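Visitor: Could you take me through a close look at a single part of this model, and then set that part in the context of the chain around it? I would like the geometry and the surface exposure treated together.

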Amino acid sequence: MNKEYKGYIQTLLGGVIWGTIGLFVMLLEQRGSNAVFSSFLRTFFAFFIMAGVTIFLYWAKSLRVDRK
């Protein structure tokens, strides 16, 4: 796949995921959640998803720390 198209696809997927945040917040609010808890859950799950993808794709490189 061309790198240019890969960037477009990643941008599109990011926008789609960003747009679904409202659905999850609305569902959480219907269940009695407040804004602080909803923000915490979004950040919590985003951290684990991003950490999982990073470790899966760049296992050894993501764990190295440059001494400089």
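Guide: The part to look at is an aromatic cluster, and in this predicted model one such cluster is formed by Phe-40, Phe-44, Phe-45, Phe-47 and Phe-48. The count of aromatic pairs comes to four, and two of the ring pairs can be described in detail. In the pair made by Phe-44 and Phe-45, the ring centres are 5.6 Å apart and the planes meet at 80°, and because an angle over 60 degrees counts as edge-to-face, that is the class of this pair. The rings of Phe-47 and Phe-48 have their centres 5.1 Å apart with their planes at 75°, so this pair is edge-to-face as well.

Exposure can be read residue by residue for these four rings. Phe-44 has a relative accessibility of 37% and therefore counts as partly exposed, while its partner Phe-45, with a relative accessible area of 49%, is also partly exposed. In the other pair, Phe-47 reaches 52% and counts as exposed, because the cut-off for that class is over 50%, whereas Phe-48, at 46%, is partly exposed.

From the cluster, Phe-45 leads on to the largest pocket, since this residue is listed with Ile-17, Arg-42, Ala-46 and Ile-49 as lying nearest the pocket centre, within a lining of 14 residues. Helix 1 (3-19), helix 2 (21-30) and helix 3 (35-57) are the elements that each give two or more residues to that lining, and helix 3 gives the most, with seven residues. In composition the lining divides into 11 nonpolar residues, two polar ones and one charged one, and the space in this pocket is about 490 Å³.

Two of the contributing helices deserve a further word. Helix 1 has 17 residues, which at 1.5 Å a residue should span 24 Å, and its end C-alpha atoms are indeed 24 Å apart, so the expected and computed spans agree. The number of buried residues among those 17 is zero, so helix 1 lies largely in the open. In helix 2 one residue to pick out is Val-25, which at 19% relative accessibility counts as buried, because the cut-off is under 20%. Val-25 and Ser-38 are 13 residues apart in sequence, yet their C-alpha atoms are 6.4 Å apart in space.

Finally, the whole chain gives the setting for the cluster and the pocket. The protein chain has four helices and zero strands, so that its pattern along the sequence reads α-α-α-α. Its radius of gyration is 16 Å, whereas a compact globule of 68 residues would have one near 11 Å, and its C-alpha atoms fill a box of roughly 45 × 35 × 20 Å along the principal axes. Buried residues make up 6% of the 68 residues in the chain, and it is against this background that the 37% of Phe-44 and the 52% of Phe-47 can be read.

How values were computed. Residues numbered from 1 in each chain as written. Predicted model: local features only at pLDDT ≥ 70, side-chain atom pairs only at ≥ 80, totals over all residues. Heavy atoms only, no water. 1 Å grid on protein atoms, 1.4 Å probe; cavity = no way out; pocket = protein on both sides within 12 Å on 5 of 7 lines; lining within 4 Å. Points joined across faces, edges and corners; volume = space filled by probe spheres on them. Nonpolar A, V, L, I, M, F, W, Y, C, P; charged D, E, K, R; others polar. Phe/Tyr/Trp six-rings, centres within 6.5 Å; stacked < 30°, edge-to-face > 60°. Buried < 20%, exposed > 50% of the residue type's maximum accessible area, 1.4 Å probe, protein only. Expected span 1.5 Å × (residues − 1). Rg over C-alpha atoms; globule rule 2.2 N^0.38 Å.
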